[in-house]
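The following note sets out points for a colleague who has the sequence and the coordinates at hand. Please read each point against the displayed structure.

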Amino acid sequence: MVDSVFRRRSMLPYFIEVFVTLLARALYRVSASGKEHFPATGGVVLITNHISYVDVVVLQLACPRPIRFVGYKGLRHNAFFDFCFDITGCIPVATERPMEAIRTAVGALKRGEVICLC
């Protein structure tokens, strides 16, 4: 599968996505093997080991489809992370009401989206 540099890789607004993609490509050398085994359609659950906040950018560059991440709602207390959650469609998980996030994630999977749990 040939990847275009500007194919849709995230839920970000297009102009932000292009800027972030170009910046990430300049900073990181990302390659992935086995992408031909990744389903082209339908719901997918990715489970990853979360090492740093750069993981979400690198995963999105390597994945052939846009990813919706599941993240801890407590991060929304930081203005930058709150902005990121809003524009990327991140599914927030609150320790007080975890079933709400699970229902949202299941709904996204039924709509054929890719969900990532770290």
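Which residue in S4 is the bridge partner of Ile67? The first point below takes this up, after a remark on the nature of the model.

1. Status of the model. The structure under discussion is a predicted model. The partner of Ile67 is Val114, which belongs to S4. This contact is part of the pairing between S2 and strand S4 (residues 114-117), where three bridges join the two strands in a parallel arrangement.

2. Strand S2 and its second neighbour. S2 also pairs with strand S3 (residues 91-93), again in parallel and through three bridges. Here Tyr72 has Val93 of S3 as its bridge partner. S2 itself spans residues 67-72 and is mostly covered, with five of its six residues buried.

3. Strand S1. S4 has a further partner in S1, and these two strands run parallel over four bridges. Within that pairing, Ile47 is matched with Leu117 of S4. Strand S1 (residues 44-47) presents two faces: Val44 and Leu46 are on the covered face, whereas Val45 and Ile47 are on the uncovered one. The bridge partner of Leu117 is thus a residue of the uncovered face.

4. The crossover from S2 to S3. The two strands and the helix H3 (residues 79-88) make up a β-α-β unit, and the unit is right-handed. One residue of H3 to inspect is Cys84. Its relative accessible area is 24%, so Cys84 is classed as partly exposed, the buried class being reserved for values under 20%. The C-alpha atoms of Cys84 and Tyr14 lie 14 Å apart, with a sequence separation of 70 residues.

5. The aromatic pair. How many aromatic pairs does a search of the whole structure find? The search returns one. Phe80 and Phe81 form this pair, in an edge-to-face arrangement with 5.7 Å between the ring centres and 65° between the planes. The two residues fall into opposite classes of accessibility. Phe80 counts as exposed because its relative accessibility is 53%, and the exposed class begins over 50%. Phe81 counts as buried because its relative accessibility is 19%, and the buried class lies under 20%.

6. Salt bridges around Arg76. Five salt bridges are found in the whole structure. In general, side chains of opposite charge can pair when their charged atoms come close. Arg76 takes part in a salt bridge with Asp82, at 2.7 Å from N to O. Arg76 has a relative accessible area of 23% and is therefore partly exposed; the value for Asp82 is 27%, so Asp82 is likewise partly exposed. The side chain of Arg76 also meets that of Asp86 in a salt bridge, with an N to O distance of 2.2 Å. Asp86 is in helix H3 and Arg76 is in the loop between S2 and H3, so this pair ties together parts that are 10 residues apart in sequence.

7. Other charged contacts. Glu100 and Arg97 form a salt bridge in which the closest N and O atoms are 3.0 Å apart. Glu100 is partly exposed, with a relative accessible area of 44%, and Arg97 is partly exposed at 47% relative accessibility. Elsewhere, Arg68, Arg111 and Glu113 are joined into one network by salt bridges that share partners.

8. The nonpolar surface patch. Which residues make the nonpolar surface patch of about 430 Å²? The patch is made by Phe19, Leu23, Leu27 and Tyr28. Leu23 is located in helix H1 (residues 14-27). With a relative accessible area of 42%, Leu23 is partly exposed.

9. Helix H2. Is Leu61, a residue of helix H2 (residues 55-62), buried or exposed? Leu61 counts as buried because its relative accessibility is 6%. The C-alpha atom of Leu61 is separated by 7.5 Å from that of Thr21, although the two residues are 40 residues apart along the chain.

Key: Residues numbered from 1 in each chain as written. Predicted model: local features only at pLDDT ≥ 70, side-chain atom pairs only at ≥ 80, totals over all residues. Heavy atoms only, no water. Phe/Tyr/Trp six-rings, centres within 6.5 Å; stacked < 30°, edge-to-face > 60°. Buried < 20%, exposed > 50% of the residue type's maximum accessible area, 1.4 Å probe, protein only. Patch = residues over 30% accessible without salt bridge, like charges linked within 9 Å, V, L, I, M, F, W, Y side chains within 5 Å. Areas by Shrake-Rupley, 256 points an atom, 1.4 Å probe, with all protein chains shown as cover. Salt bridge = Lys/Arg side-chain N within 4 Å of Asp/Glu carboxyl O. Pairing = 2+ DSSP bridges. Right-handed = clockwise from strand over helix to strand, strands pointing away.
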